[in-house]
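Colleague: I would like to go through the contacts in this model and hear the reasoning behind each label. Keep it brisk.

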Amino acid sequence: MATYAIHANSFFLPGGPTGPGYLTVTDGVFGAFSTDAPSGVERIDERDLVAPGLVDTHIHGFDGHDVMDLSADGLDAMAAGLVRNGCTSFFPTTLTAPTERIAEACSIAAAHVNKPGCAKVQGIYLEGPWFSERYKGAQNPAYMGNPDLHVLEHWMDCADGLAFKIALAPENDGAAEFVAKATAMGAVVALGHSNATYEEARRAVDAGATVFVHTYNAMSPLHHREPGMVGAALTCPGVYDEIICDGNHVNPVSVNVVMRARGKDQVCLITDCLAAGGMPEGDYVMEGLPITVKDGQARLKDGGNLAGSIVGLCQCVKNVVDWGLATPAEAVAMATVNPARSTGVDDVCGSIKPGRAADMACFTSSMDLEATYVDGEVAWEA
(Lines give C-alpha, C1' and ligand atoms only; values in the text may rest on other atoms or scores of the structure.)
Protein backbone atom coordinates (compact mmCIF):
# COMPACT_ATOMS: atom_id res chain seq x y z
CA MET A 1 0.00 0.00 0.00
CA ALA A 2 1.42 3.38 -1.01
CA THR A 3 1.55 6.54 1.06
CA TYR A 4 -1.37 8.92 0.91
CA ALA A 5 -2.64 11.78 3.05
CA ILE A 6 -5.87 12.91 4.64
CA HIS A 7 -6.63 16.60 4.77
CA ALA A 8 -9.06 17.74 7.46
CA ASN A 9 -10.09 20.82 9.36
CA SER A 10 -9.35 19.09 12.66
CA PHE A 11 -7.59 15.93 13.85
CA PHE A 12 -8.26 14.61 17.35
CA LEU A 13 -4.66 13.87 18.32
CA PRO A 14 -3.38 12.89 21.79
CA GLY A 15 -2.39 16.48 22.52
CA GLY A 16 -5.82 17.82 21.59
CA PRO A 17 -7.63 18.95 18.45
CA THR A 18 -5.13 20.04 15.80
CA GLY A 19 -5.63 21.45 12.33
CA PRO A 20 -6.29 22.17 9.65
CA GLY A 21 -3.56 19.99 8.23
CA TYR A 22 -2.55 16.69 6.72
CA LEU A 23 -2.08 13.22 8.18
CA THR A 24 -0.06 10.70 6.21
CA VAL A 25 -0.84 6.99 6.07
CA THR A 26 1.73 4.48 4.85
CA ASP A 27 1.11 0.76 4.47
CA GLY A 28 -1.98 0.98 6.64
CA VAL A 29 -0.38 2.76 9.60
CA PHE A 30 -0.36 6.36 10.74
CA GLY A 31 2.52 8.58 9.75
CA ALA A 32 3.17 12.19 10.68
CA PHE A 33 0.81 15.14 10.96
CA SER A 34 1.77 18.35 9.18
CA THR A 35 0.16 21.69 8.50
CA ASP A 36 1.74 21.63 5.05
CA ALA A 37 0.70 19.39 2.19
CA PRO A 38 3.11 16.45 1.92
CA SER A 39 4.84 15.95 -1.42
CA GLY A 40 4.89 12.76 -3.45
CA VAL A 41 1.66 11.23 -2.14
CA GLU A 42 -0.71 9.37 -4.46
CA ARG A 43 -3.94 10.82 -3.14
CA ILE A 44 -5.39 13.23 -0.61
CA ASP A 45 -8.72 12.37 1.04
CA GLU A 46 -10.78 15.35 2.15
CA ARG A 47 -12.52 15.05 5.54
CA ASP A 48 -13.84 17.47 8.13
CA LEU A 49 -13.06 15.97 11.57
CA VAL A 50 -10.78 12.94 11.90
CA ALA A 51 -10.87 10.90 15.11
CA PRO A 52 -9.36 7.60 16.17
CA GLY A 53 -11.57 4.62 15.41
CA LEU A 54 -14.16 4.23 18.15
CA VAL A 55 -13.63 1.53 20.81
CA ASP A 56 -16.71 -0.26 22.21
CA THR A 57 -15.77 -2.26 25.30
CA HIS A 58 -19.33 -3.38 26.14
CA ILE A 59 -21.31 -4.77 23.19
CA HIS A 60 -23.33 -7.99 22.98
CA GLY A 61 -24.31 -8.05 19.34
CA PHE A 62 -25.22 -6.29 16.10
CA ASP A 63 -26.91 -6.96 12.77
CA GLY A 64 -28.85 -9.91 14.16
CA HIS A 65 -25.83 -11.68 15.64
CA ASP A 66 -25.12 -12.17 19.36
CA VAL A 67 -21.86 -13.17 21.02
CA MET A 68 -23.79 -15.88 22.87
CA ASP A 69 -24.84 -17.46 19.56
CA LEU A 70 -21.37 -19.01 19.85
CA SER A 71 -20.78 -18.58 16.15
CA ALA A 72 -17.46 -17.59 14.59
CA ASP A 73 -19.35 -16.49 11.48
CA GLY A 74 -21.66 -14.39 13.65
CA LEU A 75 -18.69 -12.67 15.26
CA ASP A 76 -17.32 -11.96 11.79
CA ALA A 77 -20.65 -10.45 10.79
CA MET A 78 -20.70 -8.25 13.90
CA ALA A 79 -17.20 -7.02 13.09
CA ALA A 80 -18.20 -6.26 9.52
CA GLY A 81 -21.29 -4.31 10.56
CA LEU A 82 -19.79 -2.24 13.36
CA VAL A 83 -17.77 -0.06 10.97
CA ARG A 84 -21.11 1.60 10.09
CA ASN A 85 -20.98 3.01 13.62
CA GLY A 86 -17.39 4.28 13.42
CA CYS A 87 -16.33 1.37 15.65
CA THR A 88 -12.99 -0.19 14.69
CA SER A 89 -12.19 -2.02 17.96
CA PHE A 90 -14.53 -3.90 20.29
CA PHE A 91 -14.84 -6.35 23.15
CA PRO A 92 -17.43 -9.05 22.36
CA THR A 93 -19.54 -9.23 25.51
CA THR A 94 -21.17 -12.31 27.01
CA LEU A 95 -24.18 -12.67 29.30
CA THR A 96 -24.88 -14.77 32.38
CA ALA A 97 -24.98 -18.36 31.13
CA PRO A 98 -23.72 -21.87 31.97
CA THR A 99 -19.98 -22.08 32.55
CA GLU A 100 -19.16 -24.00 29.37
CA ARG A 101 -21.18 -21.67 27.13
CA ILE A 102 -19.12 -18.76 28.43
CA ALA A 103 -15.96 -20.81 27.97
CA GLU A 104 -16.88 -21.45 24.34
CA ALA A 105 -17.50 -17.74 23.79
CA CYS A 106 -14.01 -17.06 25.13
CA SER A 107 -12.49 -19.65 22.79
CA ILE A 108 -14.31 -18.24 19.75
CA ALA A 109 -13.17 -14.71 20.54
CA ALA A 110 -9.58 -15.90 21.06
CA ALA A 111 -9.58 -17.71 17.71
CA HIS A 112 -11.07 -14.78 15.81
CA VAL A 113 -8.97 -13.49 12.93
CA ASN A 114 -9.44 -9.79 12.27
CA LYS A 115 -10.46 -9.31 8.67
CA PRO A 116 -9.80 -6.35 6.33
CA GLY A 117 -12.40 -3.64 6.52
CA CYS A 118 -13.89 -4.94 9.79
CA ALA A 119 -13.79 -3.85 13.43
CA LYS A 120 -11.11 -5.66 15.41
CA VAL A 121 -11.61 -7.91 18.44
CA GLN A 122 -9.30 -6.43 21.09
CA GLY A 123 -10.48 -8.47 24.07
CA ILE A 124 -13.46 -10.21 25.63
CA TYR A 125 -15.82 -8.97 28.33
CA LEU A 126 -17.75 -11.38 30.56
CA GLU A 127 -20.78 -9.51 31.89
CA GLY A 128 -21.68 -11.99 34.57
CA PRO A 129 -22.57 -14.48 35.90
CA TRP A 130 -21.73 -13.43 39.45
CA PHE A 131 -24.43 -10.79 39.89
CA SER A 132 -27.27 -9.88 42.26
CA GLU A 133 -30.75 -11.13 41.40
CA ARG A 134 -32.16 -7.86 42.77
CA TYR A 135 -30.57 -6.01 39.86
CA LYS A 136 -30.38 -8.82 37.32
CA GLY A 137 -31.70 -6.67 34.47
CA ALA A 138 -31.73 -8.85 31.35
CA GLN A 139 -29.40 -11.44 32.93
CA ASN A 140 -30.63 -14.97 33.70
CA PRO A 141 -30.71 -15.52 37.51
CA ALA A 142 -30.63 -19.32 37.10
CA TYR A 143 -26.85 -19.15 36.57
CA MET A 144 -25.92 -16.52 39.14
CA GLY A 145 -23.87 -17.22 42.25
CA ASN A 146 -20.68 -16.35 44.08
CA PRO A 147 -17.40 -15.83 42.25
CA ASP A 148 -15.24 -18.89 41.70
CA LEU A 149 -11.52 -18.51 41.00
CA HIS A 150 -11.21 -21.95 39.38
CA VAL A 151 -13.97 -21.11 36.91
CA LEU A 152 -12.29 -17.79 36.15
CA GLU A 153 -9.00 -19.61 35.47
CA HIS A 154 -10.83 -21.89 33.05
CA TRP A 155 -12.35 -18.95 31.18
CA MET A 156 -9.05 -17.12 31.02
CA ASP A 157 -7.36 -20.26 29.68
CA CYS A 158 -10.00 -20.41 26.95
CA ALA A 159 -9.40 -16.72 26.17
CA ASP A 160 -5.76 -17.68 25.47
CA GLY A 161 -4.11 -14.39 26.39
CA LEU A 162 -6.83 -12.13 24.94
CA ALA A 163 -7.41 -8.95 26.98
CA PHE A 164 -9.92 -10.02 29.62
CA LYS A 165 -12.59 -8.07 31.52
CA ILE A 166 -15.14 -9.55 33.90
CA ALA A 167 -17.98 -7.99 35.91
CA LEU A 168 -19.44 -9.04 39.25
CA ALA A 169 -21.56 -7.79 42.14
CA PRO A 170 -19.30 -6.77 45.05
CA GLU A 171 -21.74 -7.90 47.76
CA ASN A 172 -21.31 -11.55 46.80
CA ASP A 173 -19.45 -13.82 49.23
CA GLY A 174 -15.68 -13.55 48.86
CA ALA A 175 -15.92 -10.80 46.23
CA ALA A 176 -13.09 -8.60 47.50
CA GLU A 177 -10.68 -11.51 47.80
CA PHE A 178 -11.69 -12.71 44.34
CA VAL A 179 -11.10 -9.23 42.86
CA ALA A 180 -7.58 -9.11 44.29
CA LYS A 181 -6.69 -12.52 42.84
CA ALA A 182 -8.39 -11.87 39.50
CA THR A 183 -6.55 -8.61 38.95
CA ALA A 184 -3.27 -10.30 39.91
CA MET A 185 -4.01 -12.78 37.11
CA GLY A 186 -4.37 -9.93 34.63
CA ALA A 187 -8.15 -9.52 34.47
CA VAL A 188 -9.86 -6.13 34.49
CA VAL A 189 -12.63 -6.38 37.09
CA ALA A 190 -15.82 -4.34 36.72
CA LEU A 191 -18.66 -3.90 39.22
CA GLY A 192 -22.34 -3.96 38.30
CA HIS A 193 -25.78 -5.59 38.38
CA SER A 194 -25.49 -5.10 42.10
CA ASN A 195 -27.39 -4.16 45.25
CA ALA A 196 -24.15 -3.44 47.12
CA THR A 197 -23.72 -0.83 49.80
CA TYR A 198 -21.14 1.88 49.27
CA GLU A 199 -18.76 0.12 51.65
CA GLU A 200 -19.06 -3.19 49.81
CA ALA A 201 -18.34 -1.50 46.52
CA ARG A 202 -15.44 0.46 48.01
CA ARG A 203 -13.85 -2.73 49.35
CA ALA A 204 -13.93 -4.20 45.85
CA VAL A 205 -12.36 -1.05 44.41
CA ASP A 206 -9.67 -1.10 47.09
CA ALA A 207 -9.00 -4.73 46.10
CA GLY A 208 -8.46 -3.75 42.47
CA ALA A 209 -11.79 -3.30 40.64
CA THR A 210 -11.48 -0.41 38.18
CA VAL A 211 -14.75 -0.14 36.17
CA PHE A 212 -18.41 0.45 37.02
CA VAL A 213 -20.80 -1.27 34.62
CA HIS A 214 -23.30 1.03 32.82
CA THR A 215 -23.48 3.55 35.66
CA TYR A 216 -26.97 4.05 37.18
CA ASN A 217 -28.43 1.07 35.34
CA ALA A 218 -28.87 -2.15 37.34
CA MET A 219 -27.21 -0.87 40.51
CA SER A 220 -28.24 0.33 43.97
CA PRO A 221 -29.05 4.05 43.73
CA LEU A 222 -27.57 7.06 45.50
CA HIS A 223 -29.37 7.81 48.78
CA HIS A 224 -28.35 10.47 51.27
CA ARG A 225 -27.92 7.87 54.03
CA GLU A 226 -26.64 5.01 51.84
CA PRO A 227 -24.64 6.15 48.81
CA GLY A 228 -24.86 2.68 47.26
CA MET A 229 -23.23 1.61 44.02
CA VAL A 230 -24.00 4.91 42.31
CA GLY A 231 -22.32 6.81 45.13
CA ALA A 232 -19.26 4.58 44.78
CA ALA A 233 -19.19 5.05 41.02
CA LEU A 234 -19.23 8.83 41.48
CA THR A 235 -16.60 9.07 44.22
CA CYS A 236 -14.21 6.08 44.35
CA PRO A 237 -10.73 7.06 43.18
CA GLY A 238 -9.03 5.69 40.09
CA VAL A 239 -12.01 4.04 38.42
CA TYR A 240 -13.78 4.37 35.07
CA ASP A 241 -17.55 4.74 34.73
CA GLU A 242 -19.26 3.16 31.74
CA ILE A 243 -22.42 4.96 30.64
CA ILE A 244 -25.00 4.33 27.93
CA CYS A 245 -25.81 7.62 26.19
CA ASP A 246 -28.61 6.48 23.90
CA GLY A 247 -31.13 8.89 25.43
CA ASN A 248 -33.15 6.01 26.92
CA HIS A 249 -31.01 4.46 29.63
CA VAL A 250 -29.83 7.64 31.40
CA ASN A 251 -31.24 11.16 31.46
CA PRO A 252 -28.74 13.70 30.07
CA VAL A 253 -28.80 15.57 33.40
CA SER A 254 -27.69 12.38 35.15
CA VAL A 255 -25.02 11.85 32.50
CA ASN A 256 -23.73 15.32 33.32
CA VAL A 257 -23.56 14.42 37.02
CA VAL A 258 -21.27 11.49 36.21
CA MET A 259 -19.06 13.58 33.93
CA ARG A 260 -18.69 16.32 36.54
CA ALA A 261 -18.13 14.00 39.50
CA ARG A 262 -15.95 11.42 37.77
CA GLY A 263 -14.15 13.68 35.31
CA LYS A 264 -14.49 13.25 31.56
CA ASP A 265 -11.14 11.50 31.35
CA GLN A 266 -12.60 8.60 33.38
CA VAL A 267 -15.95 8.21 31.60
CA CYS A 268 -16.38 5.52 28.92
CA LEU A 269 -19.21 5.70 26.41
CA ILE A 270 -20.53 2.21 25.68
CA THR A 271 -23.44 0.88 23.67
CA ASP A 272 -24.43 -2.32 25.53
CA CYS A 273 -25.84 -3.04 22.07
CA LEU A 274 -27.86 -6.18 21.44
CA ALA A 275 -28.15 -8.36 18.34
CA ALA A 276 -31.16 -6.22 17.42
CA GLY A 277 -28.84 -3.27 16.81
CA GLY A 278 -28.90 -2.39 13.11
CA MET A 279 -32.10 -4.43 12.68
CA PRO A 280 -35.76 -3.44 12.13
CA GLU A 281 -38.32 -3.21 14.92
CA GLY A 282 -39.79 -6.51 16.06
CA ASP A 283 -39.47 -9.43 18.44
CA TYR A 284 -36.11 -11.03 19.25
CA VAL A 285 -34.63 -13.49 21.74
CA MET A 286 -31.52 -12.72 23.82
CA GLU A 287 -29.99 -15.80 25.50
CA GLY A 288 -33.46 -17.30 25.93
CA LEU A 289 -35.14 -14.07 27.04
CA PRO A 290 -37.79 -12.62 24.66
CA ILE A 291 -37.39 -8.91 23.91
CA THR A 292 -39.28 -6.40 21.81
CA VAL A 293 -37.66 -3.57 19.85
CA LYS A 294 -39.90 -0.57 19.32
CA ASP A 295 -39.41 3.20 19.15
CA GLY A 296 -35.65 2.92 19.51
CA GLN A 297 -35.81 0.80 22.68
CA ALA A 298 -35.21 -2.87 23.43
CA ARG A 299 -37.29 -4.14 26.36
CA LEU A 300 -37.90 -7.51 27.99
CA LYS A 301 -41.34 -8.85 27.14
CA ASP A 302 -41.61 -10.06 30.72
CA GLY A 303 -41.72 -6.96 32.93
CA GLY A 304 -40.74 -4.38 30.33
CA ASN A 305 -37.24 -3.61 31.67
CA LEU A 306 -34.70 -2.19 29.28
CA ALA A 307 -32.74 -5.16 27.95
CA GLY A 308 -29.84 -3.22 26.50
CA SER A 309 -29.54 -0.74 23.69
CA ILE A 310 -29.66 -0.81 19.91
CA VAL A 311 -27.55 2.32 19.50
CA GLY A 312 -24.30 2.79 17.58
CA LEU A 313 -21.30 4.26 19.40
CA CYS A 314 -21.06 7.16 16.93
CA GLN A 315 -24.59 8.18 17.97
CA CYS A 316 -23.55 8.22 21.65
CA VAL A 317 -20.68 10.55 20.73
CA LYS A 318 -23.04 12.85 18.85
CA ASN A 319 -25.61 12.77 21.66
CA VAL A 320 -23.31 14.04 24.40
CA VAL A 321 -22.19 16.87 22.10
CA ASP A 322 -25.77 17.73 21.11
CA TRP A 323 -26.82 17.65 24.77
CA GLY A 324 -24.17 20.29 25.50
CA LEU A 325 -22.29 18.02 27.91
CA ALA A 326 -18.96 17.69 26.08
CA THR A 327 -16.93 19.21 23.30
CA PRO A 328 -16.40 17.04 20.22
CA ALA A 329 -12.86 16.27 21.39
CA GLU A 330 -14.08 15.26 24.87
CA ALA A 331 -16.85 13.12 23.42
CA VAL A 332 -14.42 11.37 21.08
CA ALA A 333 -12.01 10.67 23.96
CA MET A 334 -14.83 9.06 25.95
CA ALA A 335 -15.39 6.65 23.05
CA THR A 336 -11.74 5.99 22.16
CA VAL A 337 -8.78 6.44 24.48
CA ASN A 338 -10.78 6.24 27.74
CA PRO A 339 -12.34 2.80 27.07
CA ALA A 340 -9.03 1.60 25.62
CA ARG A 341 -7.24 2.62 28.83
CA SER A 342 -9.97 1.14 31.02
CA THR A 343 -9.36 -2.28 29.47
CA GLY A 344 -5.59 -2.07 29.03
CA VAL A 345 -5.55 -2.01 25.22
CA ASP A 346 -4.55 1.64 24.76
CA ASP A 347 -1.22 0.45 23.39
CA VAL A 348 -2.94 -0.75 20.20
CA CYS A 349 -6.06 1.38 19.75
CA GLY A 350 -7.86 4.53 20.87
CA SER A 351 -5.35 7.15 19.66
CA ILE A 352 -3.88 8.52 16.45
CA LYS A 353 -0.15 7.94 16.83
CA PRO A 354 2.63 7.31 14.29
CA GLY A 355 3.14 3.59 13.75
CA ARG A 356 -0.35 2.60 14.93
CA ALA A 357 -2.89 0.93 12.66
CA ALA A 358 -4.65 3.70 10.75
CA ASP A 359 -8.14 3.09 12.16
CA MET A 360 -10.26 6.24 12.00
CA ALA A 361 -13.78 7.58 12.43
CA CYS A 362 -14.45 10.71 10.38
CA PHE A 363 -17.21 13.13 11.37
CA THR A 364 -18.88 16.16 9.85
CA SER A 365 -18.87 19.45 11.75
CA SER A 366 -22.27 18.48 13.22
CA MET A 367 -20.75 15.19 14.50
CA ASP A 368 -22.51 12.92 12.04
CA LEU A 369 -20.38 9.95 11.04
CA GLU A 370 -19.01 10.44 7.54
CA ALA A 371 -16.58 7.54 7.03
CA THR A 372 -14.73 4.75 8.82
CA TYR A 373 -11.20 3.64 7.93
CA VAL A 374 -9.62 0.34 8.96
CA ASP A 375 -5.90 -0.09 8.42
CA GLY A 376 -5.89 3.03 6.29
CA GLU A 377 -8.60 1.94 3.86
CA VAL A 378 -12.17 3.20 3.72
CA ALA A 379 -14.33 0.48 5.28
CA TRP A 380 -17.61 2.45 5.21
CA GLU A 381 -18.69 5.81 3.85
CA ALA A 382 -21.98 7.70 4.09
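Colleague: What makes Lys165 and Glu242 a salt bridge?

Modeller: This is a predicted model, and the values are computed from it. The closest N and O atoms of Lys165 and Glu242 are 2.6 Å apart. The cut-off is 4 Å between a side-chain nitrogen of Lys or Arg and a carboxyl oxygen of Asp or Glu, so the label applies. The pair links distant parts of the chain: Lys165 is in strand S14 (residues 163–168) and Glu242 in strand S17 (residues 240–244), 77 residues apart.

Colleague: Are Lys165 and Glu242 buried or exposed?

Modeller: Both Lys165 and Glu242 are buried. That word stands for under 20% relative accessible area.

Colleague: What else does the charged end of Lys165 do?

Modeller: The charged end of Lys165 sits over the ring of Tyr125, 4.1 Å from its centre. The distance limit is 6 Å, and the charge must also lie within 35 degrees of the ring normal. Arg43 is placed over the ring of Tyr4 in the same sense of the term, with its charged end 3.8 Å from the ring centre.

Colleague: How many salt bridges does the structure hold?

Modeller: Twelve. One of them joins Glu330 and Lys264, with the closest N and O atoms 3.2 Å apart. Glu330 lies in helix H9 (residues 328–334), and Lys264 in the loop between helix H7 (252–262) and strand S18 (267–270), so the pair ties together parts that are 66 residues apart in sequence.

Colleague: Why do Glu330 and Lys264 count as partly exposed?

Modeller: Glu330 has 29% relative accessibility. Lys264 has 28%. The partly exposed range runs between 20% and 50%, so both residues get that label.

Colleague: What about the bridge between Lys301 and Asp283?

Modeller: The closest N and O atoms of Lys301 and Asp283 are 3.1 Å apart, within the 4 Å limit. Lys301 is in the loop between strand S21 (297–300) and strand S22 (306–308), and Asp283 in strand S19 (residues 282–286), 18 residues apart.

Colleague: Why do Lys301 and Asp283 get separate exposure labels?

Modeller: The boundary is 50%. Lys301 is at 49% relative accessibility, so it counts as partly exposed. Asp283 has a relative accessible area of 52%, so it is exposed. Elsewhere, salt bridges that share partners join Lys120, Asp359 and Asp375 into one network.

Colleague: Why is the pair of Trp130 and Phe178 called edge-to-face?

Modeller: The ring centres of Trp130 and Phe178 are 5.3 Å apart, with 80° between the planes. Pairing needs centres within 6.5 Å, and edge-to-face needs over 60 degrees, so both tests are met. Trp130 lies in the loop between strand S13 (123–127) and helix H3 (149–159), and Phe178 in helix H4 (residues 175–184), so the pair ties together parts that are 48 residues apart in sequence. Both Trp130 and Phe178 are buried. Along with Trp155, they form one aromatic cluster.

Colleague: How do you know that S19 and S20 pair?

Modeller: S19 and strand S20 (residues 289–294) share five bridges in the antiparallel sense. Pairing takes at least two, so the criterion is satisfied. For example, Gly282 has Val293 in S20 as its bridge partner.

Colleague: Which sheet contains them, and what makes S19 and S22 its edges?

Modeller: An open sheet of four strands, in the order S19-S20-S21-S22, with antiparallel pairing. S19 and S22 each have a single partner strand, so one side of each is left without a neighbour in the sheet. The twist averages 45° from one strand to the next.

Technical notes:
Residues are numbered from 1 along each chain as its sequence is written. This is a predicted model: local features need pLDDT of at least 70, side-chain atom pairs count only at pLDDT 80 or more; totals for chains, interfaces and linings use all residues. Side-chain values use heavy atoms; hydrogens and water are left out. Rings of Phe, Tyr and Trp (its six-membered ring) pair if their centres lie within 6.5 Å; planes under 30 degrees apart count as stacked, over 60 as edge-to-face and the rest as tilted. Buried means under 20% relative accessible area, exposed over 50%, partly exposed in between (1.4 Å probe, protein chains only). Axes are lines fitted to C-alpha atoms, for helices over the stretch in contact, and angles run from 0 to 180 degrees between N-to-C directions.
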